[in-house]
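Q: I have a structure open and would like to talk it through. Could we begin with how the chains meet?

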Amino acid sequence: QLYDLMTMAFKYQVLLCPRPRDILLVTFNHLDAIKDFISDSPGILNQVDETFRRLIETYNCLSDGEFQLIRQTLLIFFQDMHIRVSLFLKDKVQNSNGHFVLPISGPVPWGTEVPGLIRIFNHKGVEVKRAEFTTAGNYVTPQREGSFELYGDRVLKLGTNMYSVTRPVETHTSGSSKTLASQAKENIAPNPLAKEELNFLARLLGGLDIQKPAGGDTGFRLNLFTSDEEEEHAAQTRPEELSYKVINIEATQEPGRRAELSRILGELEVEEPRPGSAEKGEDLLALMDGL
Amino acid sequence: YRRERSLALRNSSSALYNNLAVLCPPARPPAFGAVHGTILSLLGSEGPPRQLQARGGGSALSTPLLTQAAWCELPARVLLVLTSQRGVQMYESDGSTMVFWHALDIPEHPAAHSVFARGIAAAGGRFICVGTSFGAVLVFDIPPKGTNVMLNEVLEQHRDPITDIAAEQGQAPDGAGDLVTADDSGTLCLWSTGEEFTLLGQIPGSGCTCSSVRLWNGIVAAGYGDGQIRLWEAGSGRICAQVSAHARWIYALDLAPLTGKLLSGAEDSFVHVWKLSRNPDTDDIEIQHCHAECVTDTQVCGARFCDPAGDTFAVTGYDLSEILCYGPA
């Protein structure tokens, strides 16, 4: 599913590039986002910058025709892939048949004129006549060109974080998505094994008191839904028919078991990033030690 | 115009320039061809659909990609020509038998640039011209029948990969030439065909790809990556008209020689029909807009008239597994 999601996002970005050269701007958007993730690690940051510089060196000089050839070749790879991505369906960038929506409005690519003008020239090369035609399209002139430098405003939104607004993401290979409420209604008969399963889970965990450390967001919280919003939404839309019995799980507190599990849980904690490690060599060794 | 029936293709069409081949035999329904990766899907006038494969995949090499396909109508015969990353394949017009294969000279040390053949046209009543990514145009001498095709000449004038080639579809005025070749930088070259081709003139490009070109009554119609259509006078090389036609890269142009209608298709999902004419008072070449069609959510990659008057036309699009047909309203 992750591969499907990545593939369709990649296809979307390549297909919708206003100019073939904008594939490079999309790449730079990705790199800008990566640099943001690792802004605390100068070692890795240097490597990403180096990659950036090499991309600029290799690709900035290519002609539009060469970029179009790259784009056409990529599109051959993506041809006939129509996996529906719920994020794209919700945002109305993809149709229910899996084909992407191609808007016929908005800014034209940098270097292209808004369609509509016909200019006639005489044998001296002087413009002698102008005419206009109209179509269903609704285009406007673009404001500025995106930057192809190491730092700069890319202007193009393709290649920026799809998840900047949180929402659940799944890929669909067939059928339609059902709402959570209707799904809950279908499972209305309480599963007699559910209580047993939860008890078993509790016995495994040994009734731990998980103490949240004073600062930071480390530690785990179990969410059986795809996202926090879905959990909240499900809580709010749960049909009346379902019983509201709260099952209290009192697991036995075996001291030995508990210590062992505490140790395991401790190892699972996400470490705070180490402040300002100087050498990249040191970081790499530390990483390997941790394995 | 209005939308008529669609023809189902076994495969969808690839995003390639001029990706629709049409053959209109007199008194028979047209035959169509569209490229899908390494395969050409053929819908014949009669008989079942056929598929032709790109040739030249060696033992360790994967099958090369096709770049274009076109029927070349010569007085004595009609050949179906395919161009790929490896070379040029020529078949009888129904795709049944291969007549000729020409392998491109792949450089020993592969450069950073890709190698391919692209741009196909019948010329001078006896030749088939094929462009290459080196900028060279190969001129093949075609015998009236049989397989004895010879490489007659190599025209080396372009510095950028050839995109399209077109022969004069009407009556060329004196000195105008009867062949135009176009490349990735937008440069257009005008030639006079014959035992030896002669370069008559060159219209320099500005770096913007000319993806599709047509030649009619000494007028060059060219479609560009910036969405513009430009009309040039072949004899003098001067510009006649400039149209901000499309919001995205133009992929296909076609011309109906009986009426001077021009068809353009682009990535912006639009197909436009234009009309070329000559102003009787000023003698200027003019162009006017006749009709627009929007192929929703599709990047058009092929567009061709299906009759010499331009009353019908057909369209292909990237990822579309059909050929859309349009006829008189």
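Q: Which side chain does B:E267 meet in a salt bridge?

A: B:E267 pairs with A:R71, with N to O at 2.7 Å. A salt bridge here is a side-chain nitrogen of Lys or Arg within 4 Å of a carboxyl oxygen of Asp or Glu. Please note that this is a predicted model, in which local features need pLDDT of at least 70 and side-chain atom pairs count only at pLDDT 80 or more, while totals for chains, interfaces and linings use all residues. Residues are numbered from 1 along each chain as its sequence is written, chains are lettered from A and ligands numbered from 1 in the order in which they are written, and side-chain values use heavy atoms, with hydrogens and water left out.

Q: How many salt bridges cross between chain A and chain B?

A: The rule finds 3 across that interface. Over all chains, the structure holds 22 salt bridges.

Q: And which elements of chain A touch chain B?

A: Those that give two or more residues are α1 (2–16), α4 (64–78), β3 (117–121) and β4 (127–132) of chain A. Helices (H or I, at least four residues) and strands (E, at least two) are DSSP runs, numbered from the N terminus. The largest share, 11 residues, comes from α4(A).

Q: What sort of residues are on that side of chain A?

A: They divide into 24 nonpolar, 16 polar and 8 charged. In this scheme Ala, Val, Leu, Ile, Met, Phe, Trp, Tyr, Cys and Pro count as nonpolar, Asp, Glu, Lys and Arg as charged, and the others, Gly among them, as polar.

Q: How many residues does each chain bring to the contact, and how much area is buried?

A: Chain A and chain B each give 48 residues, where contact means heavy atoms within 4.5 Å. Together they bury about 3800 Å², 53% of it on carbon and sulfur atoms. Buried area is the accessible area (1.4 Å probe) that two parts lose on being put together, summed over both.

Q: Which strand of chain B pairs with β3(A)?

A: Strand β21 (residues 239–244) of chain B does, in the antiparallel sense over 3 bridges. Two strands pair if DSSP finds at least two bridges between them. In this pairing, A:I120 stands opposite B:A241.

Q: What does β3(A) do within its own chain?

A: β3(A) runs antiparallel to β4(A), joined by 5 bridges, and A:I118 has A:A131 as its bridge partner. The two strands form a hairpin with 5 residues between them, and A:G125 in the turn has a positive phi of about 85°.

Q: Changing topic: what is the strand order in the sheet that holds β1 of chain B?

A: This open sheet of 4 strands has the order β1-β28-β27-β26, with antiparallel pairing. β1 (2–8) and β26 (300–305) each have a single partner strand, so one side of each is left without a neighbour in the sheet. The twist averages 25° from one strand to the next; for such angles, axes are lines fitted to C-alpha atoms (for helices over the stretch in contact), and angles run from 0 to 180 degrees between N-to-C directions. Between β26(B) and β27 (residues 313–317) of chain B there are 5 bridges, and B:V300 faces B:G317.

Q: Which strands stand at the edges of the sheet with β15 and β16 of chain B?

A: The order is β14-β15-β16-β17, again an open, antiparallel sheet of 4 strands. β14 (162–167) and β17 (198–203) of chain B stand at its edges. Inside the sheet, β15 (residues 179–183) and β16 (residues 188–192) of chain B share 4 bridges, with B:L179 opposite B:W191.
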